Amino acid sequence: YRLASNRWLVCYDKGYGLGDRLARTSASIAASVNDVSDGYVSISLSGKLAYDLLVRGCEQDLHRRVFGQGRVAASQIAAIDVLIHAAAEPDSYELVV
């Protein structure tokens, strides 16, 4: 997920060793990799009522005309920081909490 012009959050299965490969690559391009996996959980939310559920607790405009496929937004739900990703499938979202 692109958090800012120079900041990314990469989610991956630890079994693939992607974090190690990113760390080795970043050493040659003036970048850094930090493992923050113990601080986050990813939740998939989908279905006809997924949008309705999210907008009840989130002030971010999540309508697909504004928040289309692939978009990412940082917001809060019930005073908890959350990263919301509009997944490829209609009515599907990934939440990183």
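## Sheet and nonpolar core

Q76 has D81, in strand 5, as its bridge partner. The model is a predicted one, in which local features need pLDDT of at least 70 and side-chain atom pairs count only at pLDDT 80 or more, while totals for chains, interfaces and linings use all residues. Residues are numbered from 1 along each chain as its sequence is written, and side-chain values use heavy atoms, with hydrogens and water left out.

Strand 4 and strand 5 (strands being DSSP runs of E of at least two residues, helices runs of H or I of at least four, both numbered from the N terminus) are paired in the antiparallel sense over 6 bridges, where pairing requires at least two DSSP bridges between two strands. They belong to an open sheet of 4 strands with antiparallel pairing and the order 3-6-5-4, whose edge strands, each pairing on one side only, are listed here.

| Edge strand | Residues |
|---|---|
| Strand 3 | 42-46 |
| Strand 4 | 72-77 |

The largest nonpolar core has 12 residues, including L54, V82, I84, Y93 and L95; such a core joins buried Ala, Val, Leu, Ile, Met, Phe, Trp, Tyr and Cys residues through side-chain atoms within 4.5 Å, buried being under 20% relative accessible area with a 1.4 Å probe and protein chains only. Two or more residues each come from helix 2 (50-57), strand 5 (80-86) and strand 6 (92-96), and strand 5 gives the largest share, 3 residues. Not counting residues up to four places away in sequence, L95 touches V41, S42, I43, L45, L54, V82, L83 and I84, contact meaning heavy atoms within 4.5 Å.

Note on methods
Buried < 20%, exposed > 50% of the residue type's maximum accessible area, 1.4 Å probe, protein only.
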